[in-house]
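Reader: Could you take me through one part of this model up close, the sheet and whatever sits around it? I'd like one connected story rather than a list.

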Amino acid sequence: FTRTSAAIVTYDESSAVTPEEGKLLLKVRTNLGANSGMKVKIEVNQGNPVIVVEDVVQVPIGATVKLTCQFDELLYRFQAWKYNGTQLNFSLENPTEFTMLEQLDLVAICRVGQGSGGGGSLE
């Protein structure tokens with residue numbers, strides 16, 4: 001058997017990103033879009049965090065990844081991390097931490113409204 005994976009190309013992209021040897025692709029986005037003020041903080045192996053709105057990052061196979069959806073809690077309430085294109089939950093925790101063993105395309109799902117449920121102020 002070989003360790004292969006399909007390319008991630010979404011409706012708003014014209015080409016695929018190919019990971020380097022020994023790495024996997026992690027795509028993150030938010031359900032409310034780029035102008036919502038929501039951001040995702042990505043930490044790989046407790047290294048320097050990268051803060052994105054929507055991006056694909058290369059992560060070493062087996063690395064520990066911590067994702068945090070960040071937003072103004074007065075406006076949004078975190079609900080879940082979902083696999084993009086499905087209603088399946090990846091995690092209900094924010095932040096969420098996992099070991100990178102497969103290519104992932106995740107969406108941080110938040111709803112407008114008062115409340116808690118994770119997240120936090122933008123850094």
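Author: Let's start with strand E6 (residues 76-83) and strand E9 (residues 104-112): seven bridges join them, and the two run antiparallel. To pick out one spot along that pairing, look at Ala80, whose bridge partner in E9 is Ile109. Bear in mind that all of this is read from a predicted model.

Now zoom out a little. E6 and E9 belong to an open sheet of five strands, in the order E4-E1-E9-E6-E7, and the pairing in that sheet is mixed. At the edges you'll find strand E4 (55-60) and strand E7 (89-91); each has a single partner strand, so one side of each is left without a neighbour in the sheet. Neighbouring strands in this sheet are turned against each other by 35° on average, if you ignore direction.

The aromatic rings are worth a stop too. A pair of such rings is described by how far apart the centres are and by the angle between the planes. The count here comes to four aromatic pairs. Take Phe71 and Tyr76: their ring centres are 6.1 Å apart and their planes stand at 90°, so this pair is edge-to-face. Phe71 and Tyr76 are both buried. Tyr83 and Phe90 also make an edge-to-face pair, because their planes are at 90°, with the centres 5.5 Å apart. Here the exposure reads differently from a buried pair: Tyr83 is partly exposed at 28% relative accessibility, and Phe90 is partly exposed as well, with a relative accessible area of 22%. Buried would need a value under 20%. Tyr83 and Phe90 don't stand alone, either, since Phe98 joins them in one aromatic cluster.

From E7, follow the chain into the loop between E7 and strand E8 (96-99), where Pro95 is found. The peptide bond joining Asn94 and Pro95 is cis, with omega at about 5°.

One more loop has backbone angles you may want to check, the one between strand E2 (39-44) and strand E3 (50-52), which holds Asn45. Phi of Asn45 is near 50°, a positive value in a residue other than glycine. Gln46 is in the loop between E2 and E3 too, and Gln46, again not a glycine, has a positive phi of about 55°. As for accessibility, Asn45 counts as partly exposed at 47%, while Gln46 is exposed, with a relative accessible area of 77%. The line between those two classes is drawn at 50%, so Asn45 falls on the partly exposed side of it.

Key:
Residues are numbered from 1 along each chain as its sequence is written. This is a predicted model: local features need pLDDT of at least 70, side-chain atom pairs count only at pLDDT 80 or more; totals for chains, interfaces and linings use all residues. Side-chain values use heavy atoms; hydrogens and water are left out. Two strands pair if DSSP finds at least two bridges between them. Helices (H or I, at least four residues) and strands (E, at least two) are DSSP runs, numbered from the N terminus. Axes are lines fitted to C-alpha atoms, for helices over the stretch in contact, and angles run from 0 to 180 degrees between N-to-C directions. Buried means under 20% relative accessible area, exposed over 50%, partly exposed in between (1.4 Å probe, protein chains only). Rings of Phe, Tyr and Trp (its six-membered ring) pair if their centres lie within 6.5 Å; planes under 30 degrees apart count as stacked, over 60 as edge-to-face and the rest as tilted.
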